[in-house]
Amino acid sequence: MNPVVASLCRDLAALPARPTLRASGRVVRYDGQVVECDGFPVSVGAICAIDDAETGASAPILGEVIGFAEGRNLLYLDSPGARIEAGARVRPIDDGRHAAVGPTLLGRVIDAGGAPLDGLPPPQLDTLWPLAGRVMNPLERQPVDRPLDVGVRVINSMLTVGRGQRLGIIAGSGVGKSVLIEMMTRFTEAEVIVVGLIGERAREVGAFVRAVLSPETRDRVCVVAVPADRSPLLRIRGANRATAIAEYFRAQGREVLLIMDSLTRVAHARREIGLALGEQPTSKGYPPSVISLIPTLIERTGPGLPGEGSITAFYTVLADGDDTNDPVVDTARAILDGHLVLSRAQTQLGIYPAIDIPQSVSRVMSDVAGADHAQAALRLRRYVSLYQENRDLMLMGGYAPGQDGDLDMAVALWPRILQFVRQQPDERADFGQSIAALLALTGPGA
């Protein structure tokens with residue numbers, strides 16, 4: 001090398017490193033929720049920190065970029081109502097596109113940002129997964145052709161779930177939804193269980209975690225908890241993080257059960273953000289972005305590519321005022337592979353789990369159930385429907401036995417049907433036992 005060039009290279013190497021320029025802006029408008037600041041290069045979804053306006057010291061005030069307007073960046077705060085002064089510096093700290101994942105998440109409870117809530121040190125995670133998921137070719141996905149044992153008799157037998165199926169649990173408040181998902185979390189034979197507690201009461205979050213993180217299940221359960229008092233952006237981020245964790249384990253070839261409680265709270269969070277951005281409300285105040293969010297989130301689950309595992313997903317959907325025609329309920333029901341409707345009438349009669357069999361359906365049951373099993377389930381469904389439709393008539397004395405053989409059979413079997421449906425929260429009914437009980441109930445000698 002030329003001596004002059006070599007000397008120049010040595011001199012350049014000896015120069016101090018030039019500090020990296022960081023883009024930032026200043027707060028120009030704040031209404032308690034949305035912050036407007038000077039425009040600087042950043043993408044939607046990025047996480048920014050807002051510093052104190054006078055001292056410049058970093059304050060624990062975080063926000064997520066939700067859009068741009070007239071050359072300014074719009075941020076929605078993680079802590080609405082925070083004390084922010086005009087002129088406070090806003091700086092990006094994370095692009096918000098990835099979630100840290102890894103096997104050490106099992107047995108842990110984390111929040112929407114991945115920070116631990118269980119009082120233990122942060123998990124050591126060395127893999128990043130896209131928070132919004134990875135697009136998959138639908139034609140390359142594996143079929144849903146194997147049953148999954150969820151440990152609940154009436155679901156195993158009457159509404160058989162396939163590995164990779166997505167189902168909704170549609171219920172009003174106080175009808176046993178939380179108890180049902182606790183049972184499935186403890187009894188399902190999946191290798192990994194990811195639970196997203198989104199927008200639930202803090203008391204229920206604590207009770208649920210204590211119930212499901214037992215010594216028997218701790219090694220295969222991860223909980224992402226975002227209580228109802230957190231900001232709407234954190235609720236959406238928590239739902240995306242729980243789904244990303246499930247996707248990671250599916251890519252490792254694991255059979256994953258994802259339970260999202262609840263999809264309605266995620267939709268409510270998206271509604272708050274959409275209205276803050278000026279979207280026009282439609283039915284029940286939901287802007288169009290809510291209707292597009294639901295299928296985007298749900299379609300990330302399901303079976304994986306060849307060599308991967310699958311994500312069987314249960315989404316709880318709140319029917320406000322027991323209205324099963326709510327826009328969120330309708331949209332979820334249209335995109336899901338089935339739904340379980342919980343009945344308030346059964347709850348009042350003390351029948352748990354309170355699954356309304358005639359109103360519930362599993363769209364893949366015919367693909368994963370044997371012929372005898374499917375026929376027995378159809379017969380029992382008919383008996384339950386006939387009994388419920390004619391119960392008031394029989395109580396008024398308007399029906400005489402012998403007029404309808406199927407109805408007579410339904411009346412004769414009703415005490416045994418109630419015994420078949422009822423299941424204690426700490427009682428596990430495996431798949432084989434559930435099918436055997438169904439066949440014994442509806443067989444020729446019933």
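**Close-up 1. Gly 253, just past helix H5.** Right after H5 ends, Gly 253 takes up a positive phi, at about 85 degrees. Keep in mind that this is a predicted model, here and in the other views.

**Close-up 2. Helix H5, residues 232-251.** This helix runs for 20 residues and covers 29 Å from its first C-alpha to its last. At 1.5 Å a residue you'd expect 28 Å, so the span is close to that. Of its 20 residues, 19 are buried, so H5 is largely enclosed by the rest of the structure.

**Close-up 3. Thr 185 in helix H3.** Thr 185 sits in H3, the helix made of residues 177-187. Its relative accessible area is just 1%, and buried means under 20%, so Thr 185 counts as buried. Leaving aside residues up to four places away in sequence, Thr 185 touches Ile 193, Val 195, Phe 208, Val 212, Arg 220, Val 221 and Ile 259.

**Close-up 4. Stepping back to the protein around these spots.** The protein has 13 helices and 19 strands, and its C-alpha atoms fill a box of roughly 105 × 55 × 40 Å along the principal axes. Out of 446 residues, 52% are buried. Looking at contacts with a separation of 6 or more, 73% come from residues 24 or more positions apart. The accessible surface adds up to about 20400 Å², with 53% of it belonging to carbon and sulfur atoms. As for charge, there are 45 positive and 51 negative ones, and their mean positions lie 2 Å apart.

Notes
Residues numbered from 1 in each chain as written. Predicted model: local features only at pLDDT ≥ 70, side-chain atom pairs only at ≥ 80, totals over all residues. Heavy atoms only, no water. Helix = DSSP H or I, 4+ residues; strand = E, 2+ residues; numbered from the N terminus. Buried < 20%, exposed > 50% of the residue type's maximum accessible area, 1.4 Å probe, protein only. Contact = heavy atoms within 4.5 Å. Areas by Shrake-Rupley, 256 points an atom, 1.4 Å probe, with all protein chains shown as cover. Lys, Arg positive; Asp, Glu negative; His and termini not counted. Charge placed at Lys NZ, Arg CZ, Asp CG, Glu CD.
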